[in-house]
Amino acid sequence: MAVLIDGKAISKQIKDELRDKVAELKAQGREVTLAVIQVGNDPASSVYVGNKKKACEYIGIRSLAYEMPEETSEEELLQLIDELNGRADVNGILVQLPLPGQIDEDKVIRRIDPAKDVDGFHPQSVGALCIGQPGFVSCTPAGVIQLLKRSGIEIAGKECVVIGRSNIVGKPMALLLLRENGTVTVAHSRTKDLKEVTKRADILIVAVGKPRMITAEYIKEGAVVIDVGIHRDENNKLCGDVDFETVMPRCSAITPVPGGVGPMTIAMLMNNCVESVL
Ligand code: NDP
């Protein structure tokens with residue numbers, strides 16, 4: 001029977017640890033401040049921004065909310081980032097993506113001071129990860145590593161397969177597994193015979209962005225399966241990239257959706273905010 005990896009419980013554990021750390025910092029007269037910028041009012045983005053604000057409140061991080069109208073120009077947004085980069089009392093800056101079409105996301109990400117880049121998207125942060133230097137790490141893949149470690153799952157020496165090579169999930173995920181001494185394969189839409197590749201995996205990380213695509217025949221008996229995907233199915237029910245019902249009986253451990261990787265992303269964002277003052 002597969003062990004269910006409880007992302008909700010593990011993320012709570014991390015948030016409680018961070019709360020203690022923030023209290024310690026406050027006792028030394030140091031405050032942690034995150035600036036969150038949202039441009040426009042995309043409903044999904046508003047939900048994410050609201051959840052980040054709630055997590056900040058729980059941990060004791062001061063959050064500054066900047067809500068800018070949909071028609072904001074690139075120049076206006078860059079100006080705000082420059083101002084926040086220059087403020088000594090702001091430790092972390094987060095620009096909620098996606099941005100409206102008139103704004104170049106890459107340009108915006110590059111403008112954030114890497115020392116305040118708590119999302120870990122700046123090329124300098126990604127480069128640091130690549131060459132094994134300290135820097136902020138993209139929150140979702142960092143959360144996956146915490147799920148594995150805190151569930152007592154050894155990564156070193158294991159065959160790790162990541163499906164997906166996006167800049168925010170697949171690529172940093174592969175680099176982190178490599179840092180943990182896994183033997184890493186990255187699969188993508190041009191991979192030939194995906195099943196043959198995934199069936200080698202002791203640890204399979206699925207970030208393919210296709211609802212329930214990964215079924216039992218992709219899984220080696222006893223594998224650990226981490227499902228990064230998040231979708232609403234035809235009945236408006238949340239589901240992942242993994243077909244949980246058929247895959248679960250074949251694995252030794254699996255993350256559910258919801259309640260697996262999802263809650264870890266915010267916990268790791270909070271972790272990056274706290275690290276930004278240490
Ligand atoms: P992207 O769409 O950016 O990337 C998907 C990747 O999957 C691409 O590299 C693509 O390959 C690959 N792919 C697509 N189809 C196939 C296929 N048939 N076979 C093999 N590989 C394939 O997605 P993201 O990385 O941004 O996100 C992945 C999933 O994770 C999504 O469901 C997203 O909603 C979810 N997500 C969840 C988060 C959380 O907090 N839980 C946070 C971020 C994302 P190619 O590069 O060749 O096109």
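The points below comment on selected helices, residues and backbone features of this structure, which is a predicted model.

1. Helix α2 spans residues 43–59, and its 17 residues reach 25 Å from the first C-alpha to the last, close to the 24 Å expected at 1.5 Å a residue. Its buried residues are S45, V49, K52, A55, C56 and I59; seen down the axis of α2, they fall within an arc of 120 degrees, so they line one face of the helix. On the other side of α2, the exposed residues are P43, K54 and E57.

2. As to what lies against that buried face, the cover of α2 includes the helices α1 (7–27) and α10 (262–275), together with the strands β2, β3 and β4. Just after α2 comes G60, whose phi is positive, at about 100 degrees.

3. Helix α3, residues 74–86, can be described in the same manner: it has 13 residues and reaches 18 Å between its first and last C-alpha, close to the 18 Å expected at 1.5 Å a residue. Buried in α3 are E74, L77, L78, L80, I81, L84 and N85, and these residues lie on the same side of the helix because they cover an arc of only 160 degrees around its axis. The face turned away from the buried side of α3 carries Q79 and G86, which are exposed.

4. Which elements cover the buried residues of α3? The cover includes three strands, β2 (33–39), β3 (62–68) and β4 (92–95), and also helix α4 (105–111). The strands β2, β3 and β4 are likewise among the elements that cover the buried residues of α2.

5. Q38 deserves a separate look, as a residue of strand β2. Is Q38 buried or exposed? With a relative accessible area of 8%, Q38 is buried, since the threshold for that class is under 20%. Its side chain makes a polar contact of 3.1 Å with the side chain of S46. If residues up to four places away in sequence are not counted, Q38 touches S45, S46, V49, Y66, E67, M68 and Q96; of these, S45 and V49 are also among the buried residues of α2.

6. K158 lies in the loop between α6 (139–150) and β5 (159–163), and at 27% relative accessibility it counts as partly exposed. Leaving aside neighbours within four places in sequence, K158 is in contact with G182, T183, D202 and I203. K158 and V22, by contrast, are 136 residues apart in sequence and 35 Å apart in space, taken from C-alpha to C-alpha.

7. With regard to aromatic side chains, a search of the whole structure finds zero aromatic pairs. There are nevertheless charged groups placed over rings: the charged end of R19 sits over the ring of Y58, 4.2 Å from its centre, and K195 lies over the face of Y218, at 5.3 Å from the ring centre.

8. Two peptide bonds preceding proline should be checked by anyone going through the backbone. A cis peptide bond joins L97 and P98, with omega at about 0 degrees, and P98 is found in the loop between β4 and α4. A cis peptide bond also joins V257 and P258, again with omega at about 0 degrees, and P258 lies in the loop between β11 (253–254) and α10. As background to this point and the next, most residues other than glycine have a negative phi, and most peptide bonds are trans.

9. Where does the backbone of R212 lie? R212 is found in the loop between β7 (203–206) and β8 (224–227), and although it is not a glycine, it has a positive phi of about 50 degrees. With a relative accessible area of 30%, R212 is partly exposed. N236, another residue other than glycine, has a positive phi near 65 degrees; it lies in the loop between β9 (231–232) and β10 (238–239), and at 52% relative accessibility N236 counts as exposed, the cut-off for that class being over 50%.

Conventions
Residues numbered from 1 in each chain as written. Predicted model: local features only at pLDDT ≥ 70, side-chain atom pairs only at ≥ 80, totals over all residues. Heavy atoms only, no water. Helix = DSSP H or I, 4+ residues; strand = E, 2+ residues; numbered from the N terminus. Expected span 1.5 Å × (residues − 1). Buried < 20%, exposed > 50% of the residue type's maximum accessible area, 1.4 Å probe, protein only. Arc of directions from axis to C-beta. Contact = heavy atoms within 4.5 Å. Phe/Tyr/Trp six-rings, centres within 6.5 Å; stacked < 30°, edge-to-face > 60°. Lys NZ or Arg CZ within 6 Å of the ring centre and 35° of its normal. Polar contact = N/O pair within 3.5 Å; in protein donor to acceptor, adjacent residues only side chain to side chain.
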